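This report looks at side-chain contacts, taking charged pairs before aromatic rings.

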Amino acid sequence: MGTVFISTTDIDVDFISQQFLNFQFKGFSTPDKFINCIACFATQGDLITSEWKQIQNVIAGTFTPTEPTAKWNLYLAFFCNETLEIRTKYQIQNDKFCCRKIIFDSFPVPFDDISTMNYLGKELLGLDLSKTEHNQESEPYTCAIADLLENVPLGPTTSEKEKRNDVIASILGRLNDEN
């Protein structure tokens, strides 16, 4: 299945590229602009480790989405051909400021649009997932307490509350008997 991310000029990465000369930046989005991604490419992991906070700060100050929902679906994807320390990856990816962050380490160099879009599609949209069809018919699920709950009153009166309490006591009694 192909990617649904496209390279876009709607995300202006020129300013951020001028601020961080050791990185390459590229903008990607879904065709409906619902999900936007700023891809940040680095050949050395320690560059990401030392600069990621400053990069996100610049993005926070300069990125203005064209769609109202796009601000909640902005990703900063770091691509690096080296492997980052797991603790560093955890810290960066769990940071909630400005945008969601994801790290693709051990990424093949050179950084090309097709590979990048495929990685983004798999990771952010689950394009590598598939549905397995089962031909055998299964019996419908039945819940053991469904009959007990079917006629439980939901109202606020005292008698209705008492009936609910009786049903709960009955269910708990059955559970205790089973154990």
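A residue counts as buried when its relative accessible area is under 20%, and K89, at 17% relative accessibility, therefore counts as buried in this case. The model is a predicted one, and that status applies to each value given below.

The structure holds 2 salt bridges, which are set out in the table with their N to O distances.

| Salt bridge | N to O distance |
|---|---|
| D105 and K89 | 3.3 Å |
| D95 and K101 | 3.1 Å |

What does the pair of D105 and K89 tie together? K89 belongs to helix α3, residues 86-93, while D105 sits in the loop between β5 (100-104) and α4 (113-125), so this salt bridge ties together parts that are 16 residues apart in sequence. The acidic partner D105 has a relative accessibility of 17% and, because the limit for buried residues is under 20%, counts as buried, as K89 does at 17%. In the salt bridge with D95, K101 is buried too, with a relative accessibility of 5%.

Turning to the aromatic side chains, the count comes to 5 aromatic pairs. One of them is formed by F23 and F25, whose rings are 6.0 Å apart centre to centre, with 40 degrees between the planes. Because planes under 30 degrees apart count as stacked and those over 60 as edge-to-face, an angle of 40 degrees makes this pair tilted. F23 is buried at 8% relative accessibility, and F25 is likewise buried, its relative accessible area being 9%. Together with F20, the residues F23 and F25 form one aromatic cluster.

How values were computed:
Residues are numbered from 1 along each chain as its sequence is written. This is a predicted model: local features need pLDDT of at least 70, side-chain atom pairs count only at pLDDT 80 or more; totals for chains, interfaces and linings use all residues. Side-chain values use heavy atoms; hydrogens and water are left out. Rings of Phe, Tyr and Trp (its six-membered ring) pair if their centres lie within 6.5 Å; planes under 30 degrees apart count as stacked, over 60 as edge-to-face and the rest as tilted. Buried means under 20% relative accessible area, exposed over 50%, partly exposed in between (1.4 Å probe, protein chains only). A salt bridge is a side-chain nitrogen of Lys or Arg within 4 Å of a carboxyl oxygen of Asp or Glu. Helices (H or I, at least four residues) and strands (E, at least two) are DSSP runs, numbered from the N terminus.
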